[in-house]
Amino acid sequence: MAIETVSTSRAFEGTQGVYRHASSVSGTTMTFAVYVPPHADGARLPVLWYLSGLTCTHANVMDKGEYRRACAEAGIVFVAPDTSPRGEGVPDDEAYDFGQGAGFYVDATEEPWAANFRMRSYIEDELPAIVAAEFPVDMTRQGITGHSMGGHGALTIALRNPDRFRSVSAFAPIVSPLHCAWGEKALSGYLGTDRTAWAAYDACALIDGGARVRELLIDQGQADGFLTEQLKPELLATACAEAGIDLTLRMQAGYDHSYNFISTFMADHVRWHAERLT
């Protein structure tokens, strides 16, 4: 599948690129960012996927995430997809937490969303095939992380694909969409009212159902305005404790939900993944 280079620039002796392609999964043009660190000719590098949160595109973490120095030092390719399909004819909603910019990494089954909103298949299948074909990556060494809605995506994708990802982390993830207003709105809108169909997109429900990863790293700001009503990390802590999953949950005093929080701990996460991927 051909990709188009939108832009490239040099950073820490590597290359930050933005690319787009015609997606057969979403029926739209999709844009994504890739940072390739300096490397020897012919080398194949581990890859870290970063899934963004509500209202974001590939550009938010690229502009504010401060990951490139750490990726260059660790020799890790960093891939940042968009959060939803976009474009003329793609359905949308006026609210920030549904529609374009709010794909929730699900494959929608309800109209009018089903034709385009297939972010699960895009992230799990289509985009990895493109990245494997176009960039110097070793797909046997993959990690995944994300923020908020993207943290939900990272956790659920890893739990559904435990043999694919060697490492999983998240920043302020939505750990149980079945138990928060953001999740209930999105999953009912995209998947319908049958809550049993939602379980595949809820990290706590997946763990309760037997899905496993070896360990998780979660950073959560204690001053996050969404902490109590939407994020509820204590639900993940309980699920992991009961399942025997090694969870490192770091409650960071004074930090909120913004990229100021993410950028502060991004290098920690990159290094943590590098220890497991390199």
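Helix H9 carries a kink of about 40 degrees, centred on Phe-265, in what is a predicted model. The helix runs over residues 259–277, and its 19 residues reach 25 Å from the first C-alpha to the last, which is close to the 27 Å expected at 1.5 Å a residue. Phe-265, where the kink is centred, belongs to the buried residues of H9, and these also include Tyr-259, Phe-261, Met-266, His-269, Trp-272 and Leu-277. At the start of the helix, a side-chain oxygen of Ser-258 comes to within 3.1 Å of the backbone nitrogen of Asn-260.

A second serine, Ser-23, sits in the loop between strand E2 (14–22) and strand E3 (29–36). Ser-23 counts as buried because its relative accessible area is 5%, and buried means under 20%. Its side chain takes part in the contacts set out below, one to a backbone nitrogen and one to another side chain.

| Side chain | Partner | Distance |
|---|---|---|
| Ser-23 | Ser-26, backbone nitrogen | 3.0 Å |
| Ser-23 | Glu-126, side chain | 2.5 Å |

The report turns last to the open space in the model. The largest pocket holds about 180 Å³ of space. It is lined by 13 residues, of which Leu-54, Thr-55, Cys-56, His-147 and His-257 are the closest to its centre. By character, the lining of this pocket divides into 6 nonpolar residues, 6 polar residues and 1 charged residue.

Conventions:
Residues are numbered from 1 along each chain as its sequence is written. This is a predicted model: local features need pLDDT of at least 70, side-chain atom pairs count only at pLDDT 80 or more; totals for chains, interfaces and linings use all residues. Side-chain values use heavy atoms; hydrogens and water are left out. On a 1 Å grid over the protein atoms alone, a cavity is a set of points where a 1.4 Å probe fits but cannot get out, and a pocket is an open set with protein on both sides within 12 Å along at least five of seven lines; lining residues have an atom within 4 Å of a point. Grid points are joined across faces, edges and corners, and a volume is the space filled by probe spheres set on the points. Ala, Val, Leu, Ile, Met, Phe, Trp, Tyr, Cys and Pro count as nonpolar, Asp, Glu, Lys and Arg as charged, and the others, Gly among them, as polar. Helices (H or I, at least four residues) and strands (E, at least two) are DSSP runs, numbered from the N terminus. The expected span of a helix is 1.5 Å times one less than its number of residues. The bend at a residue is the angle between axes fitted to the seven residues ending there and the seven starting there. Buried means under 20% relative accessible area, exposed over 50%, partly exposed in between (1.4 Å probe, protein chains only). A polar contact is a pair of N or O atoms within 3.5 Å; within protein, one must be able to donate a hydrogen and the other to accept it, and residues adjacent in sequence count only if both atoms are side-chain atoms.
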